[in-house]
Amino acid sequence: MRALMASNQMLLRGLKMQNNYFLGFVLVVISGLVWSLGAPLVRFLEDAEHYRLPFLIYRGIILFLVVIAYVLLREGRNFLNSLKRIDIWSVFGGLVLSFTMFGWIYALTTTSVAVSLLMLALSPILSAFLGYLILGEVLSRVTLVNMVIVVVGVIFMVLGAEKSSTIIGATYGFFVALGFAIYTITIRYNPEIPKLLTPALGGFFSVILASILLVATGGSFEMPPINLGISLINGLVIGVGLILFGLGAKYLRSGELVLLTLFEVVAGIFWAWLPIIGINETPETSTIIGGFFILTAIIFQGITTRKQHIIPMP
């Protein structure tokens, strides 16, 4: 009888582990889909290179308010106690995320959406490496195989990029990928810290840094109405994506987390191409092939991976 009860408990625990993984999978994939709307939005900015800093300021304000509002609703009376639990890793993660936001807007306003996005596909490799070094996370063979598939996809995409913009876009993209990988490690480092406080700090720091730079360079906080609207919508999009990503971080390892967000790369290039949207950036054939490899890796990850139990984080 005891053996039967123990067997049933193990079965229930196994089902819960699979459900936890699937929930994390869905949340993170959706976060990538939501983020994919951000890059096309930036392409509609008027005189984008001139309004980078004001864009970062207004987007950062909305990002901060969206995430803090969610944390407040979720924590309720424990909100102030949650703020007291912020540690050096949360602050460091917020700073890294704010610099990543700077790199991302500069990449998108310098080169094409495809070139900017394709370098993000390196994020899971960097996250897995840092996760192994810092957190001691060991990835499954399936995840490692999928990362190889992603690298093959990136190679195809780079080969098809315009040479004049590849170096600039790849440089910005690499540092964005590295920054996002470091951010991912910081939100998984300490299980006791609510994960969503870090992106809120990221939005706050981006507002402070952009404001300092704007004042130092003698720039103006004013923007055309369309740019202001895009900034606010973009902040909402990024904020919602970060909330979903933070929730999914409870159940997945660092390398898997960023691997699944690569849906942003494929979808973002698709939105930039879709004629009805009006950006009309037609990807090269090699970019399409590379996107197919990345999408295949994401689907394969969701279908075949069976993970050991990861204790949900707060």
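This is a short tour of helix packing, one loop residue and a surface patch in a predicted model.

**Stop 1: α3 and α11**

Select residues 52–75, which form helix α3. Add residues 225–248, helix α11. At what angle do the two axes cross? Look along the pair: the crossing is at roughly 40°, and the axes come within 7 Å. Angles under 35 degrees count as roughly parallel and 65 to 115 as roughly perpendicular, so α3 is oblique to α11. The crossing of α3 over α11 is right-handed.

Now color the contact between α3 and α11 by residue type. You should find 16 nonpolar residues, 4 polar ones and 2 charged ones.

**Stop 2: α3 and α10**

Keep α3 selected. Swap α11 for helix α10, residues 197–216. Here the axes lie 8 Å apart, and the packing angle is about 155°. Angles over 145 degrees count as roughly antiparallel, so α3 and α10 are roughly antiparallel to each other. Check the handedness too: α3 passes α10 in a left-handed crossing.

**Stop 3: α5 and α10**

Stay on α10 and drop α3. Select residues 88–108, helix α5. The axes of α5 and α10 come within 7 Å. They cross at roughly 55°. That angle makes α5 oblique to α10. The crossing of α5 and α10 is right-handed.

**Stop 4: Asp47**

Go next to Asp47. Where is Asp47? Look in the loop that joins α2 (38–42) to α3. Check the backbone of Asp47: phi is near 50°. That is a positive value, and Asp47 is not a glycine.

**Stop 5: a nonpolar patch on the surface**

Switch to a surface view. Select Phe129, Tyr132, Leu133, Ile134, Val138 and Tyr189. Together these residues make a nonpolar surface patch of about 640 Å².

Which helix gives the most to the nonpolar patch? Select residues 123–135 to see helix α7, which supplies 4 residues. Then click on Val138. Val138 sits in the loop between α7 and α8 (141–159).

**Looking back**

Show α3, α10 and α11 together to finish. α3 is oblique to α11, while α3 and α10 run roughly antiparallel. Compare the handedness once more: α3 crosses α11 in a right-handed way and α10 in a left-handed way.

Technical notes
Residues are numbered from 1 along each chain as its sequence is written. This is a predicted model: local features need pLDDT of at least 70, side-chain atom pairs count only at pLDDT 80 or more; totals for chains, interfaces and linings use all residues. Side-chain values use heavy atoms; hydrogens and water are left out. Axes are lines fitted to C-alpha atoms, for helices over the stretch in contact, and angles run from 0 to 180 degrees between N-to-C directions. Helices (H or I, at least four residues) and strands (E, at least two) are DSSP runs, numbered from the N terminus. A crossing is left-handed if the near helix is turned anticlockwise from the far one by less than a right angle, and right-handed if clockwise. Ala, Val, Leu, Ile, Met, Phe, Trp, Tyr, Cys and Pro count as nonpolar, Asp, Glu, Lys and Arg as charged, and the others, Gly among them, as polar. Patches are made of residues with over 30% relative accessible area and no salt bridge: like charges are joined within 9 Å, nonpolar side chains (Val, Leu, Ile, Met, Phe, Trp, Tyr) within 5 Å. Accessible areas come from the Shrake-Rupley method with a 1.4 Å probe; for residues, only the protein chains shown count as cover. A salt bridge is a side-chain nitrogen of Lys or Arg within 4 Å of a carboxyl oxygen of Asp or Glu.
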